[in-house]
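Please look at the sequence and the 3D structure shown below, and keep both in view while you read. The paragraphs after them go through the strands step by step.

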Amino acid sequence: MTEQQYFAQPDATEWTTLGPGNTRRVLIHTPELMQVEFGFDKGAVGAPHSHPHIQVSYVAEGSFEVTIDGVTQVVGQGGSFIVPSGFVHSVVALEKGRLVDVFTPHRADFL
């Protein structure tokens, strides 16, 4: 790993528009691990989906209705949740917000 790969500076990566009110940018990654920031406008939806990666998410801003494997809770700023490999999950932004997600292994589909 090179020195440059140890660090990620603010705004070093571009935001990608995913759909109405949803954006994403990969912050930093290795083959084993990836950190990604997601931005949501109020009411924006992260549609139900699953993937083989383990995911842990931190609510950096706002609050979200989070559903994992049919169980729903509201998670506010400073809260976190884990999505096991293969579990169907989704979010609804109850206000404008940001999630910081970590995936293992990295999400090749995001690169």
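What follows is a walk through two sheets and the pairing of their strands.

The model is predicted, and its strands can be traced one sheet at a time. As background, the strands of a sheet pair through backbone hydrogen bonds, and this pairing is either parallel or antiparallel.

Begin with the open sheet of 6 strands, in which the order is β1-β2-β3-β10-β5-β8 and the pairing is antiparallel. At its edges lie β1, covering residues 16–19, and β8, covering residues 80–83, and each of these edge strands pairs on one side only. If direction is ignored, neighbouring strands of this sheet are turned by 25° against each other on average. Within this sheet, strand β2 (residues 22–29) and strand β3 (residues 34–40) run antiparallel and are joined by 7 bridges. To find one place where these two strands meet, look for isoleucine 28, whose bridge partner in β3 is glutamine 35.

Now turn to the open sheet of 4 strands, which has the order β4-β9-β6-β7, again with antiparallel pairing. Here the edge strands are β4 (45–49) and β7 (71–76), each of which pairs on one side only, while the twist from one strand to the next averages 20°. Between these edges, in the order given, stand β9 and β6. Which strand is joined to β6 by 5 bridges? Strand β6, made of residues 63–68, is joined in this way to strand β9, made of residues 89–93, and the two run antiparallel. Threonine 67 offers a point to locate in the model, since its bridge partner in β9 is serine 90.

Note on methods
Residues are numbered from 1 along each chain as its sequence is written. This is a predicted model: local features need pLDDT of at least 70, side-chain atom pairs count only at pLDDT 80 or more; totals for chains, interfaces and linings use all residues. Side-chain values use heavy atoms; hydrogens and water are left out. Two strands pair if DSSP finds at least two bridges between them. Axes are lines fitted to C-alpha atoms, for helices over the stretch in contact, and angles run from 0 to 180 degrees between N-to-C directions.
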